[in-house]
Amino acid sequence: MPSTRRSNLYKLLNEPDPEDIPSMVVALAIAFVIVLNVIEVILSTMKGFSASMGNLSIYASYAFAIFFAVEYFLRVWVAADTPGEKPLTAWQKRRAYVRSPMGLVDLLSSLPLLLWTLFLLDQYADFRILKLIALVRIFKLTRYSSSLTMLVQVFQDNKHTLLAAVLVMLIMMVLAASGIYLFERDLQPESFGSIPDSMWWAFVTLTTVGYGDVVPMTFGGRVFGIMVMVCGVGVAAMPAGIFASSFVQLMREQEKERRFLNRFKQKTLSAASLHASAEHHHFHMSMSEQREINYLMEEFGLTLDQAVGVISHFRHSH
C-alpha cells in the first residue's frame with residue numbers, strides 16, 4: 001500500500017495530465033506559489049514595500065521556504081517510482097534525481113530555509129541576499145510549460161555544439177582584444193592600456209551590441225574594428241542559428257508525436273473498429289496489412305477507412 005500511495009504521489013507531482021483533475025490542481029497550485037514567491041522577492045527589493053511589510057516579509061519568506069522544502073523531500077521520496085529503461089533500486093533513482101538539474105534547482109529552492117535558520121541569531125545577516133537566492137525557484141516553472149521544457153531540451157541536445165560556438169567566441173574575443181590593444185594602447189591607455197582592458201570593447205563589438213562607451217580613434221584601429229564587426233556578425237549568429245533550427249525541429253517532432261498519439265488513441269477506442277472497416281470493404285486483413293494501415297495513418301494522416309480502402313485497392317489490383 002505505501003508503494004501505491006508513493007506511485008500516485010509521483011504522478012501528481014511529476015505527470016500533470018489535463019484529463020486528470022487532481023494532478024492539474026497540484027501543478028497549478030505549485031506554479032501559483034512559485035509565481036507568488038517570485039513577485040514577493042521582486043517587490044521586497046523596493047524600500048517602500050519592505051518598510052510597509054515589516055516582519056510580514058520575513059514570515060512570508062519562511063512560509064515559501066517551508067513549502068518548497070516539503071515539496072523537495074516529497075520529490076526525493078517519490079523518485080523511487082521514476083520509470084526508466086535501466087533496472088535501478090529505489091535509492092539509486094533517488095540519487096539520480098538529487099543529482100539531476102531539476103533536483104539541484106529543487107534543492108536550492110529549499111536552501112534558504114536552512115540559511116535563515118543558521119543566521120537567525122545573527123543581526124548582521126542580510127535577508128535580502130538570501131531572498132535573492134530563492135529566485136532560482138523560477139526555473140521550477142519549466143516543469144509546467146512545454147515551451148520552457150523544449151528550451152531546456154534544445155540546450156541539452158546541442159550542448160556540445162553550443163560549447164564549440166562559445167569557444168570560438170572566446171578565441172575571437174582574445175584575438176580582437178589583442179589587435180585593438182596594438183592600435184589604441186598609446187592614444188587611449190585608460191581604455192586599451194592592456195589586453196584585459198580591451199576585452200570589454202572586443203566582447204561588445206563581437207556580440208554586435210555596440211554600447212559606444214569606448215571606440216577606436218586611430219585609422220588602424222578603426223579598420224581593425226570594421227573587420228571585428230564583420231566577423232562578429234557571423235560568430236554571434238552561429239549559436240543563435242543552431243538554437244533556432246534545433247528549436248523548430250523539436251517543435252515539429254513534438255507536433256508529429258502529438259498527432260501520432262491522438263491517432264493512436266482514436267485507433268484504440270474500439271478494438272473492433274479495424275475489423276469492422278475491413279468487413280465494410282469485404283476482406284480479411286493479415287498482420288502485415290494491419291501494420292501497413294497503421295503506417296498510412298501515422299505518416300500520411302489518413303483516416304481508418306481511407307487506409308483500409310488503400311490496402312483493399314492494392315489487394316484487388318494485384
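1. The structure, which is a predicted model, holds six aromatic pairs. One of them joins Phe67 and Phe68 edge-to-face, with 5.2 Å centre to centre and 90° between the planes. The two partners differ in exposure: Phe67 is partly exposed, at a relative accessible area of 33%, whereas Phe68 is buried, at 1%.

2. Another pair is made by Tyr72 and Tyr97, whose rings are tilted, at 6.3 Å centre to centre and 35° between the planes. This pair links distant parts of the chain, since Tyr72 belongs to helix H4 (residues 55–78) and Tyr97 to helix H5 (residues 90–99), 25 residues apart. Tyr72 is buried, with a relative accessible area of 7%. Tyr97 is buried as well, with a relative accessible area of 13%. Phe73 also comes into the picture, as ring pairs link Tyr72, Phe73 and Tyr97 into a cluster.

3. Some rings have a charged neighbour. Arg94 lies over the face of Trp91, at 4.7 Å from the ring centre. In a second case, the charged end of Arg185 sits over the ring of Tyr181, and the distance to the centre of that ring is 5.5 Å.

4. On the overall make-up, the chain has 15 helices and zero strands. Its length is 318 residues, of which 30% count as buried. Among the contacts in the chain with a separation of 6 or more, 65% are between residues 24 or more positions apart.

5. Helix H4 can be checked for length. With 24 residues at 1.5 Å a residue, H4 should span 34 Å, and its end C-alpha atoms are 35 Å apart, so the two figures agree. The buried residues of H4 include Tyr62, Phe64, Phe68 and Tyr72. Glu71 and Arg75 are also on the list of buried residues in H4, as are Ser57 and Ser61.

6. How do H4 and H5 lie against each other, and at what angle do their axes cross? The axes come within 8 Å and cross at roughly 140°. H4 is therefore oblique to H5. The residues that meet are Tyr72, Arg75, Val76 and Trp77 on the H4 side, and Arg94, Tyr97 and Val98 on the H5 side. Tyr72 and Tyr97 thus appear both in this meeting of helices and in the tilted ring pair. Arg94, which lies over the face of Trp91, is one of the H5 residues that meet H4.

7. Gly103 is a point to look at next to these two helices. The residue is in helix H6 (residues 101–118) and counts as buried, at 0% relative accessibility. Leaving aside neighbours within four places in sequence, Gly103 is in contact with Tyr72, Tyr97 and Val98. Those residues also take part where H4 meets H5. Gly103 and Val76 are 27 residues apart in sequence, and their C-alpha atoms are 8.4 Å apart in space.

8. Helix H9 (residues 159–184) is a further case for the length check. H9 has 26 residues and reaches 37 Å from its first C-alpha to its last, close to the 38 Å expected at 1.5 Å a residue. Buried residues in H9 include Leu162, Met169, Met173 and Ile180. Glu184 is buried there too, and so is Gly179.

9. Thr205 and Thr208 can be read together. Thr205 is found in helix H11 (residues 195–206) and is buried, with a relative accessible area of 10%. Not counting residues up to four places away in sequence, Thr205 touches Gly225, Val228 and Met229. Thr208 is in the loop between H11 and helix H12 (219–267). Is Thr208 buried or partly exposed? At 47% relative accessibility, Thr208 counts as partly exposed. A reviewer may want to look at its backbone, as Thr208 has a positive phi of about 60° although it is not a glycine.

10. The last point concerns Val310, which lies in helix H15 (residues 304–317). Val310 is partly exposed, with a relative accessible area of 28%. Val310 and Glu292 are 18 residues apart in sequence and 9.9 Å apart in space, C-alpha to C-alpha.

Methods: Residues are numbered from 1 along each chain as its sequence is written. This is a predicted model: local features need pLDDT of at least 70, side-chain atom pairs count only at pLDDT 80 or more; totals for chains, interfaces and linings use all residues. Side-chain values use heavy atoms; hydrogens and water are left out. Helices (H or I, at least four residues) and strands (E, at least two) are DSSP runs, numbered from the N terminus. Buried means under 20% relative accessible area, exposed over 50%, partly exposed in between (1.4 Å probe, protein chains only). Contact means heavy atoms within 4.5 Å. Rings of Phe, Tyr and Trp (its six-membered ring) pair if their centres lie within 6.5 Å; planes under 30 degrees apart count as stacked, over 60 as edge-to-face and the rest as tilted. A charge sits over a ring if NZ of Lys or CZ of Arg is within 6 Å of the ring centre and within 35 degrees of the ring normal. The expected span of a helix is 1.5 Å times one less than its number of residues. Axes are lines fitted to C-alpha atoms, for helices over the stretch in contact, and angles run from 0 to 180 degrees between N-to-C directions. Angles under 35 degrees count as roughly parallel, over 145 as roughly antiparallel, 65 to 115 as roughly perpendicular and the rest as oblique.
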